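Student: I've got a model open and I'd like to check the labels people put on it. Can we go through them one at a time?

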Amino acid sequence: MGAVKTKRMPRAVREQQMLDAAVHIFGQRGYRAASMDEIAELAGVSKPLVYLYLNSKEDLFTACIRREAEALVEAVRAGVRRDLPADRQLWEGLGAFFAHTARNQDAWSVLHLQARTHGEPFAAEVAAMREEIVAFVTQLILAAAREAHRDPDLPEREVAGLAEALVGAAESLAAWANATPGVTARQAAATMMNFAWAGLGDLMAGRPWSPPEERAAAQAEERAGVQVE
């Protein structure tokens, strides 16, 4: 194959072209099987130019992870309007998450599958993105719950655990939705809301779930208090 002829363009634009091609190849073939030759050809540049701009296959993959992680976090943040009721905020955030992962399936494969299965430093890049989303969801739930039942002492650790579980479930559901024909982003978001909101809604109303034995003990204490009075 002859040398690839490239048009002169700003470095930043050319680099994004390379990243676009790399995300597609990594997403479709996986990190190990992807070749720099394929990436260069898809980007319309020479392989030496890819190495000149991005140093190595590992650095190129890391750059892809960082770019796509930032794009996903921004999409989720932009999807939430703080003037909406709590359930609408969660609905809009989930909708933005599932819409973005559906539109960018190669990017989601890079983040959710490839980066996590090839060790450091790739897994650390995805972990940082995930921590940011979990922190965002934690604050969203925490603010809404405290406002709903005026409880300034609602444990943040408890809410952080809920956010962690919610994000993990959303990640798994996104992978399933992208692999299942006919499932739309809106349907995935609705499934997630049906799964999560019953519990979150009770939390925000001051009615957290507790094990049966704890409920029985609380009811017994309440009855005892009534009898004493």
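Tutor: Sure. Start with a cut-off: a residue is called buried when its relative accessible area is under 20%. Keep in mind that this is a predicted model.

Student: Okay, so why does F97 count as buried?

Tutor: Its relative accessibility is 8%, and the limit is under 20%, so F97 counts as buried. F97 is found in helix α5, which covers residues 86-103.

Student: What is F97 in contact with, leaving aside its neighbours within four places in sequence?

Tutor: L72, V76, W108, A170, E171 and A174. For contact, heavy atoms have to be within 4.5 Å. There's also a C-alpha distance to look at: F97 and E74 are 23 residues apart along the chain, and their C-alpha atoms are separated by 9.7 Å.

Student: Which residues of α4 are buried?

Tutor: L60, F61, T62, C64, I65, E68, A69, L72, V73, A75, V76 and G79. Across the protein, buried residues make up 40% of the 229 residues.

Student: How do you know that the length of α4 agrees with what a helix of 23 residues should span?

Tutor: The expected span is 1.5 Å times one less than the number of residues. For the 23 residues of α4 that gives 33 Å, and the end C-alpha atoms are 33 Å apart, so the two agree.

Student: What makes α1 and α4 roughly perpendicular?

Tutor: Helix α1 (residues 11-29) and helix α4 (residues 57-79) pack at about 95°, with axes 10 Å apart. Angles from 65 to 115 degrees count as roughly perpendicular, so that label fits α1 and α4. On the α1 side the contact is made by Q16, L19, D20, A22, V23 and F26, and on the α4 side by K57, L60, F61, A63, C64, R67 and E68. By type, the residues of this contact divide into eight nonpolar, one polar and four charged.

Student: And why is α2 called roughly perpendicular to α3?

Tutor: Use that 65 to 115 window again. Helices α2 (residues 36-43) and α3 (residues 47-54) pack at about 95°, with their axes 8 Å apart, and that makes α2 roughly perpendicular to α3. M36, D37 and A40 of α2 meet K47, V50 and Y51 of α3. Those residues divide into four nonpolar, no polar and two charged.

Student: How many helices and strands does the protein have?

Tutor: It has 10 helices and zero strands. As for contacts with a separation of 6 or more, 69% are between residues 24 or more positions apart.

Definitions and conventions. Residues are numbered from 1 along each chain as its sequence is written. This is a predicted model: local features need pLDDT of at least 70, side-chain atom pairs count only at pLDDT 80 or more; totals for chains, interfaces and linings use all residues. Side-chain values use heavy atoms; hydrogens and water are left out. Axes are lines fitted to C-alpha atoms, for helices over the stretch in contact, and angles run from 0 to 180 degrees between N-to-C directions. Helices (H or I, at least four residues) and strands (E, at least two) are DSSP runs, numbered from the N terminus. Angles under 35 degrees count as roughly parallel, over 145 as roughly antiparallel, 65 to 115 as roughly perpendicular and the rest as oblique. Ala, Val, Leu, Ile, Met, Phe, Trp, Tyr, Cys and Pro count as nonpolar, Asp, Glu, Lys and Arg as charged, and the others, Gly among them, as polar. Buried means under 20% relative accessible area, exposed over 50%, partly exposed in between (1.4 Å probe, protein chains only).
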